[in-house]
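Let us take a walk through a protein structure together, one stop at a time. Keep the 3D view open beside you and turn it as you read.

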Amino acid sequence: MREEWKGFNEGAWTESINVADFIKRNYTFYDGDASFLCGPTKRTSSIMEKVNALLKEETEKGVVGIDTERETSILSYGPGYIDKDKEIIVGLQTEAPLVRGVNLFGGKRMAISACENYGYKISDKVLDEFKYRTTHNDGVFRAYNDTMRKARHVGIITGLPDAYGRGRLIGDYRRLALYGMDFLIEQKMADKTAYGNKDMTESNIRIVEELAKQIDFMKQLKVLANNYGFDISNPAKNAQEAVQFTYFAYLGSIKEQNGAANSIGRISTFLDIYFERDLKNGVLTEEQAQEIMDDLIIKLRLVRHLRTEEYNDLFAGDPTWVTMSEAGVDGEGNPMVTKNSYRVLQTLYNLGSSCEPNITILWSQKLPQAYKNFCAQVSIDTDSIQYENDDVMRCRYGNDYSIACCVSAMDTGKQMQFFGARCNMAKVLLMALNGGVDEVHGVQVAPKGKVFEDGKPLVYEEVMEAYDKYSDWIAKLYVNTLNIIHYMHDKYAYERLTMAFHDTDPHRWMAFGISGLSVLTDSLSAIKYAKVTPIKDERGVIVDFKTEGEFPKYGNDDDRVDQIAKDITDDFYAKLKKTPCYRGATHTLSVLTITSNVVYGRKTGNTPDGRRAKEPFAPGANPMHGRDASGAVASLASVSKLNYDSCRDGISNTFSVTPEALGKDKPTQITNLTTMLDGYFGRDAHHLNVNVLNRELLIDAMNNPGKYPTLTVRVSGYAVNFNKLTRDKQEEVIARTFHQKL
Amino acid sequence: MGITLNVHSIESFATLEGAGIRYALFLQGCPYRCVYCHNPDTWKCGIGKPKTVDSIIEQMQHYKSFYKNGGGLTVTGGEPLMQAEGVLELFKRVHSELGLTNTIDTSCAVMPDNINEILHYTDLVIVDLKFHNNQDYKHYADGSLDNTIAMLNKTLQSGVKVLVRTVVVPDINDTFEDIDKYVEIVNKYPNVIKYELLGYHTMGVFKYNELGLKYRLDGVEPLSVTKLKELQSYANSKLKI
């Protein structure tokens with residue numbers, strides 16, 4: 001065994017890349033409470049002072065700075081520091097903290113307009129270099145057909161990653177710490193030889209070329225580390241190196257590409273093995289261990305990409321989704337909670353609450369109660385973490401999956417995703433009623449069909465027949481559009497380093513999404529159980545509805561309507577599967593909106609459920625604001641009816657409860673929150689964002705942002721600093737259902 | 001056809017009416033007319049949604065995973081004991097079929113014939129001790145202290161645990177002397193596990209406007225948190241609990 005591995009238990013992992021096996025054989029389960037944790041050291045606090053000043057500057061100016069003189073890549077910049085002498089974990093994306101690089105690989109116009117938004121101009125040198133290069137965006141628009149362009153324009157499918165990096169990838173960055181770069185390069189070279197000896201089909205040639213690109217960038221990462229004074233050729237020798245190497249692997253990835261959600265994966269229990277070894281050998285104290293984790297988290301909080309206004313509209317609050325997953329149980333039902341799982345949560349106290357990294361608890365009924373309680377306490381105190389159900393994911397993704405972005409699970413380093421934004425389902429219904437005409441623009445987008453009559457009440461069966469036809473049409477168009485996007489992304493903006501930390505031919509998911517689920521569901525319920533009469537305008541387009549009578553609403557545990565929500569998602573997933581995906585990818589579906597529920601609502605006319613034109617949709621799989629009127633349990637029960645097997649890319653539910661409604665005092669609140677999470681996930685539900693706060697506090701924060709510099713709220717699979725949301729997004733968050741005491 | 005209850009509303013996630021997370025059943029109808037009531041829409045009898053005991057048990061069964069760690073059913077209102085027959089049936093089945101706990105939140109306005117049997121299936125009684133004399137009871141609630149005492153006596157006989165609550169309204173019952181008198185009553189009952197003061201608030205006033213009812217406490221400010229804390233710690237110092 002290698003010298004760096006001394007003290008570890010041997011296994012399959014010593015022979016070939018197998019981080020999961022390493023963890024399984026070496027981690028130390030911790031079932032105690034949080035009392036061992038240490039507060040911030042003076043060093044940490046002094047760095048945080050600098051960071052907080054920079055964050056304040058960023059909130060005021062939008063960006064602290066943009067490096068417009070060069071194109072971002074692994075080696076574009078020299079080393080950068082916050083405070084060189086004090087940092088334990090080093091490395092920044094550019095040469096100064098929070099200064100953003102420019103990335104033109106996704107699309108030139110996007111980068112130029114992003115700079116202009118903040119009053120910067122990309123240097124002629126950089127633009128010249130890109131003059132004769134094809135970007136991902138160029139490629140996509142060469143191949144889009146007219147219908148795709150129209151569908152994108154009217155907003156029935158938008159947010160597509162056709163002008164920015166697709167992201168939603170998780171490299172297995174732990175591999176660098178465990179094996180060192182030389183071994184990883186050797187493995188990739190062996191793969192290249194093996195694929196090089198196969199028949200040179202188009203797909204084989206592509207893999208061989210990708211391997212060459214990966215190896216090139218792996219070598220560049222060694223240079224980057226060297227510039228910071230580290231040799232990453234060999235495995236990490238101690239905890240500090242393990243954290244540093246893991247971070248270098250991640251840092252190189254985000255220097256190279258600006259994907260929407262480059263998540264860091266499931267690293268805390270892996271790193272704990274190194275901490276435990278050092279603690280046992282007496283070369284590290286608990287205070288130092290916490291300090292190292294604090295320093296890593298500071299770095300992850302500083303991750304930034306340069307985005308345009310349109311992008312920020314869809315994904316508000318400048319999120320980067322450095323999603324960090326932890327806990328869960330292994331295949332035998334043993335909880336994978338370690339002391340380092342606690343240290344990660346402790347950073348929210350030591351450094352203050354924060355939206356990034358997006359800390360995701362893989363919740364299982366079998367997690368130790370002490371850890372559950374600490375999670376609940378952190379939720380109540382900081383509103384910064386989210387929960388996903390390990391008991392439904394583990395059996396589908398194995399014991400070493402991580403979450404990318406908000407709710408997308410994948411086996412770490414062995415699976416990847418082709419991200420696909422989402423389709424506006426409320427608009428699909430309106431288009432079906434209008435025979436393929438968009439209700440806002442009045443243009444024919446989908447094939448011509450039956451236009452429902454003015455003044456004649458809608459008949460449910462007839463509406464469903466039309467909806468069936470148009471959802472079939474959009475599903476096919478949606479798959480084909482994504483196929484073009486990912487073909488071009490692989491061709492022109494391949495993530496060389498991120499993919500180097502994946503297996504060579506990983507399993508690929510193609511992730512579709514829907515938005516407006518509760519609006520569509522309640523609209524269909526209104527048509528079925530009440531009387532809905534269309535109203536046309538002078539163009540002959542149905543633009544409004546007269547809805548008379550009562551109808552059951554999604555979010556009240558009423559099967560009559562909840563079944564509609566379930567059927568819609570099952571049905572849409574089945575429809576997507578009819579069209580094959582690029583590169584043999586497997587279709588998946590999410591019910592997740594990020595903050596696009598506001599944008600989609602803005603682009604959608606009046607709906608039969610009574611929602612007025614331009615009003616926001618509910619986020620993700622949430623019931624519509626205020627319509628879940630039977631209490632939190634009924635609301636959670638409704639959402640839990642959606643079938644995870646049809647929505648394998650995640651079912652997002654954002655839950656807001658006032659502290660008073662959760663219980664009278666903190667211990668009671670903690671018990672009730674863990675009971676609630678057990679109850680919800682015990683019903684095979686998938687995800688829950690938890691906010692414990694008062695609406696009045698948010699209104700005050702909207703009007704007096706200076707009073708709440710670090711107010712964090714969970715919005716839809718991620719958290720944001722409330723001050724960074726635009727007014728319309730803040731108002732939407734405030735309008736959401738707050739479960740409160742009666 | 002099983003027994004039917006007249007329901008005002010249901011809160012599937014109640015945490016303040018007893019232990020754990022609870023299914024709170026707000027029953028329609030109340031004979032009292034408390035000046036500070038924040039649910040005047042539960043007063044009138046004969047309206048509300050009829051719900052069978054079967055359907056309530058079925059729904060609770062469906063939510064059972066949320067009600068572990070001591071959680072269960074709380075009947076409140078309105079005055080739940082106006083529908084005593086249904087409450088008894090429900091309580092029996094919550095115990096035998098669901099294995100969850102029962103709480104009753106009562107104004108003590110009525111004393112049903114089957115009270116002993118109901119208390120047998122009750123894990124906690126929340127007694128609303130509104131005033132410490134009959135005159136105030138009559139004036140502010142159209143009720144009587146005697147009813148409350150009678151109920152407390154019943155709970156003592158049956159040995160069920162009791163949580164006593166009093167809503168404190170500025171200038172009506174917010175002096176130390178008032179608290180002394182309340183505590184004097186509470187101290188007679190060793191089965192009381194807690195005495196809790198609640199501050200008067202105005203969050204239900206809009207309902208009076210909606211219902212076209214006159215709000216008799218117009219202009220009275222909510223009780224301050226500081227004052228409430230002060231009175232509660234004074235009460236605690238005098239309690240024998």
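Which residue stands opposite A:L362 in β6(A)? The residue to look for is A:E388. Before we go on, please keep in mind that this is a predicted model.

That first pair belongs to two neighbouring strands. Strand β5 of chain A covers residues 359-363, strand β6 of chain A covers residues 386-389, and the two pair in the parallel sense over 4 bridges. Strands of a sheet pair through backbone hydrogen bonds, and they can do this either parallel or antiparallel. You can find another facing pair in these strands: A:I361 stands opposite A:Y387 in β6(A).

Now look at the two faces of β6(A). On one side you will find A:Q386 and A:E388, on the other A:Y387 and A:N389, and all of them are buried. Both faces of this strand are thus covered.

Zoom out a little, and the strands fall into place as part of a sheet. This open sheet has 6 strands in the order β4-β5-β6-β16-β15-β19 of chain A, and its pairing is mixed. The edges are formed by β4 (324-327) and β19 (738-739) of chain A, each of which pairs on one side only.

Chain B has a strand with a similar number to visit. Strand β6 of chain B spans residues 124-128, and 5 of its 5 residues are buried. From β6(B), the residues B:L124, B:I126 and B:D128 point one way, while B:V125 and B:V127 point the other way. Strand β5 of chain B (residues 101-106) runs parallel to β6(B), and 4 bridges join the two. If you want a place to check this by eye, find B:D105, whose bridge partner in β6(B) is B:I126.

Let us turn from strands to a helix. Why is helix α23 of chain A, residues 632-639, described as largely enclosed by the rest of the structure? The reason is that 8 of its 8 residues are buried. Among them are A:A632, A:V633, A:L636 and A:V639.

Next come the nonpolar cores. The largest one has 301 residues, and those that touch the most other members are A:L176, A:F572, A:F722 and B:L25. Helix α18 of chain A (residues 460-492) gives the most to this core, with 15 residues. There is also a second, separate core of 13 residues, which includes A:V63, A:F105, A:A114 and A:I122.

B:L25 is a good residue to click on. Setting aside residues up to four places away in sequence, B:L25 touches several others, including B:L5, B:V7, B:I10, B:I56, B:L73, B:V75 and B:L90.

A loop can bring distant parts of a chain together too, as our next stop shows. A:I594 sits in the loop between β14 (586-591) and α22 (596-602) of chain A. Is A:I594 buried or exposed? Its relative accessibility is 1%, so A:I594 counts as buried. A:F315 is 279 residues away from A:I594 along the chain, and yet their C-alpha atoms are separated by 6.0 Å. Apart from its neighbours within four places in sequence, A:I594 is in contact with A:L314, A:F315, A:W321, A:C405, A:C406, A:R422, A:S716 and A:Y718.

Finally, let us look at the empty spaces. How many cavities of 30 Å³ or more does the structure hold? The count is 9, and the largest has a volume of about 230 Å³. This largest cavity is lined by 24 residues, and A:G101, A:N103, A:N258, A:H305 and A:L306 are the closest to its centre. With 4 residues, β2(A) gives the most to this lining. By class, the lining has 9 nonpolar, 11 polar and 4 charged residues.

The last stop is a pocket. About 660 Å³ of space lies in the second largest pocket. Its lining has 30 residues, and A:L55, A:T59, A:P709, A:T710 and A:N721 lie nearest its centre. Helix α2 (42-61), helix α12 (286-301) and strand β18 (719-721) of chain A each supply at least two residues of that lining, and α2(A) gives the most, with 7 residues. The lining residues of this pocket divide into 10 nonpolar, 12 polar and 8 charged.

Note on methods
Residues are numbered from 1 along each chain as its sequence is written. Chains are lettered from A and ligands numbered from 1 in the order in which they are written. This is a predicted model: local features need pLDDT of at least 70, side-chain atom pairs count only at pLDDT 80 or more; totals for chains, interfaces and linings use all residues. Side-chain values use heavy atoms; hydrogens and water are left out. A nonpolar core is a set of buried Ala, Val, Leu, Ile, Met, Phe, Trp, Tyr and Cys residues joined through side-chain atoms within 4.5 Å. Buried means under 20% relative accessible area, exposed over 50%, partly exposed in between (1.4 Å probe, protein chains only). Contact means heavy atoms within 4.5 Å. On a 1 Å grid over the protein atoms alone, a cavity is a set of points where a 1.4 Å probe fits but cannot get out, and a pocket is an open set with protein on both sides within 12 Å along at least five of seven lines; lining residues have an atom within 4 Å of a point. Grid points are joined across faces, edges and corners, and a volume is the space filled by probe spheres set on the points. Ala, Val, Leu, Ile, Met, Phe, Trp, Tyr, Cys and Pro count as nonpolar, Asp, Glu, Lys and Arg as charged, and the others, Gly among them, as polar. Two strands pair if DSSP finds at least two bridges between them.
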